[in-house]
Amino acid sequence: MAVPADSATEGFRAKVARTLTTGDGRFGGCMAQLDVKPADKGLDCPASWVTFSCTGKYTSKAEGFRMFEPAQMAFALDKIVHVEITDEKKHNGFCYAGRIVIHDSPYIDEDSDGDVQSSI
């Protein structure tokens with residue numbers, strides 16, 4: 001599959017405002033609404049909702065649900081997450097989040113210029 005020349009992947013901090021699961025696989029089966037719109041970060045994403053592809057289209061179903069769990073936890077505990085989103089992959093128009101980590105996790109550190117460095 002050819003990647004559009006203007007496709008992008010961005011990582012940024014956000015809070016999870018809501019989560020959603022669908023039994024019929026729409027929207028990739030599981031989604032999170034962020035308090036930051038990916039479009040504000042330069043991504044071609046229509047809304048603040050992102051998918052984790054729990055249907056297995058862009059990752060395994062197990063990995064999709066493993067990424068969705070921190071979104072649910074961050075929502076329940078009102079925590080900030082670091083999320084990496086691509087506008088190259090979409091479910092029903094909603095961008096795919098290929099990575100999400102609760103920001104105050106012991107596995108995340110920021111270096112001197114504010115970039116997130118993971119020890120995972």
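## A tour of the disulfides

Start by selecting C30 and C54 in this predicted model, where you will find that C30 is buried and that C54 is buried as well. Show their side chains as sticks and look at the two sulfur atoms, which lie 1.8 Å apart and form a disulfide. If you view the S-S bond of C30 and C54 end on, the torsion about it is about 75°, so this disulfide is right-handed. Now colour the chain by secondary structure and follow the backbone on either side of the bond: C30 belongs to strand β2, which covers residues 30-34, while C54 sits in the loop that runs between β3 (49-51) and α1 (61-77), and the pair therefore ties together parts that are 24 residues apart in sequence.

Next, select C45 and C95, which are joined by a disulfide with an S to S distance of 2.1 Å. Here the torsion about the S-S bond of C45 and C95 is about -105°, so the disulfide is left-handed. Tracing the chain from each end, you will find C45 in the loop between β2 and β3 and C95 in strand β5 (residues 94-102), so that distant parts of the chain, 50 residues apart, are linked by this pair. With the surface switched on, keep in mind that C45 and C95 are both buried.

Finally, display both pairs together. How many disulfides does a search of the whole structure find? It finds two, and when the bonded cysteines of the chain are numbered in sequence order, their pairing reads 1-3, 2-4.

Notes. Residues numbered from 1 in each chain as written. Predicted model: local features only at pLDDT ≥ 70, side-chain atom pairs only at ≥ 80, totals over all residues. Heavy atoms only, no water. Disulfide = S-S within 2.5 Å. Helix = DSSP H or I, 4+ residues; strand = E, 2+ residues; numbered from the N terminus. Buried < 20%, exposed > 50% of the residue type's maximum accessible area, 1.4 Å probe, protein only.
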